[in-house]
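Grab a viewer and work through these exercises with the model in front of you. Try each task before reading its solution.

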Amino acid sequence: MKNLSEKIDLKNLSSSELTEFLASFGKERYRSVQMLRWLYQQGVQSFDEMTNLSQRFRQELNQTSFISALHPVRAEKARDGTRKFLFELEDGNRIESVLIPDKARLTLCVSTQVGCALGCRFCLTGKRGWKRNLNVSEILNQILGVKKMLPEKTSITNVVLMGMGEPLANYMNTLKATALMVHPDAFRLSSRRITLSTVGLLPELEEVLKEKPPFRLAISLNASNDETRTYLMPINLRSPLSKVLAVCKKFPLQRRIRITFEYVLLEGMNDSPQDAKRLLRILKGIPSKVNLIPLNEAPDIPFKRPSEQRVKRFQEILMEGGLTAIVRNSKGQEISAACGQLQAKVGIGDELQ
Ligand code: SAH
Ligand code: SF4
């Protein structure tokens, strides 16, 4: 029998790869439909639970493949109901996912990398650097692992790829994972209920927009000109504002996509009325909506959150110019679960038993 490292983690396979894998045992296509349902709808953790497969086939599967899972080693809850889950991966690395209840919605914010290489100056995840990309199963197992912690009938209704990491820097795995999120035999989520947040990495952004992607796009602008953006987000040298917006202008109209632009407001840095007017100007012609995120402060971050009044003024200028602009106050701040606060730190003795 093969050891675990030689076996295939079935959750790393796309639906067509799974069909191919099962065909190598002489199995018909409908077997992969059954398998997807066991893995992602029932969330089984062993082949023995797959009662519609023969004993012999289950043994064959056991010898060649395995079903991976992630279990939270710590869970915290904030007063506003936001919950943060810490997962330990096979190699000891740690990642976090955040569950955000909001009226009829239950949104899970998942990570796509261990850390992040892009080093935005206002983000704690960026401060801690990059370790590695998550594989497909590690992205999907965050959803399954959190679901297991919820009462039986409770469903996660929305997924946002906005946790640790830059999703488009882990392009292949992120796209494979989102394809399974919307697959009718796997997670069955509507693509309108999945949001991928990116700095607008090029050329990956262009690739994503060539076909209609299985998610809504949110692009982190955070500045209205290249100079400020490069200072705040060094990746702007490689994926500059003007090029990112040019790509946004080229495709979405044809595909009827409305893009959300995220804009973290930093006092005295990007929050002036002139910035708001410039933002209006550069977004002209792109079907868009703006999420204004007043900075979540942290001792290691050298910026301040603007006053409520200043945030309001910024929002008003955008709205007067005809843009939809919403102020998003991140949830879960006292447990460091808000945007830009994920670092997967663990104190001694606070793991779940
Ligand atoms: N890497 C991706 C997705 C993860 S970050 C991206 O940057 O889009 C998710 C969002 O959190 C981004 O819009 C980012 O600008 C925002 N963010 C990062 N640090 C923050 C902070 N300290 N306060 C508020 N928002 C922050
Ligand atoms: Fe990475 Fe996004 Fe944080 Fe920038 S804001 S460092 S891209 S996680």
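Below are four exercises, each followed by a worked solution.

Before you start: this is a predicted model, where local features need pLDDT of at least 70, side-chain atom pairs count only at pLDDT 80 or more, and totals for chains, interfaces and linings use all residues. Residues are numbered from 1 along each chain as its sequence is written, chains are lettered from A and ligands numbered from 1 in the order in which they are written, and side-chain values use heavy atoms, with hydrogens and water left out.

**Exercise 1. Place phenylalanine 87 and decide whether it is buried or exposed.**

Step 1: Find the element. Phenylalanine 87 belongs to strand β4 (residues 83-88); strands here are DSSP runs of E with at least two residues, helices are runs of H or I with at least four, and both are numbered from the N terminus.

Step 2: Check the accessibility. Phenylalanine 87 is buried because its relative accessible area is 0%, where buried means under 20%, exposed over 50% and partly exposed in between (1.4 Å probe, protein chains only).

Step 3: List the contacts (heavy atoms within 4.5 Å). Not counting residues up to four places away in sequence, phenylalanine 87 touches, among others, Leu70, Pro72, Ile95, Gln142 and Val146.

**Exercise 2. Do the accessibility check for two threonines, 178 and 51: which is buried and which exposed?**

Step 1: Threonine 178 sits in helix α6 (residues 171-182). It counts as buried because its relative accessibility is 0%. Leaving out residues up to four places away in sequence, threonine 178 touches Leu161, Ile194, Pro214 and Phe215.

Step 2: Threonine 51 is in the loop between α2 (30-42) and α3 (55-64). At 62% relative accessibility, threonine 51 is therefore exposed. Beyond its neighbours within four places in sequence, threonine 51 contacts Trp38 and Arg58. From threonine 51 to tryptophan 38, the C-alpha distance is 9.6 Å.

**Exercise 3. Which residues have the most contacts inside the largest nonpolar core?**

Step 1: Apply the rule: buried Ala, Val, Leu, Ile, Met, Phe, Trp, Tyr and Cys residues joined through side-chain atoms within 4.5 Å.

Step 2: Read off the result. The largest core has 109 residues, and Phe122, Met181, Phe261, Leu283, Val290 and Leu318 have the most contacts inside it. Helix α5 (residues 136-147) gives the most to this core, six residues.

Step 3: Zoom in on leucine 318. Residues up to four places away aside, its contacts include Ala276, Val290 and Leu323.

**Exercise 4. Which residues are around ligand 2?**

Step 1: Collect residues with a heavy atom within 4 Å of the ligand. They are Cys116, Leu118, Gly119, Cys120, Cys123, Gly126, Gly165 and Val199.

Step 2: Sort them by class. The shell around ligand 2 has five nonpolar, three polar and no charged residues; Ala, Val, Leu, Ile, Met, Phe, Trp, Tyr, Cys and Pro count as nonpolar, Asp, Glu, Lys and Arg as charged, and the others, Gly among them, as polar.
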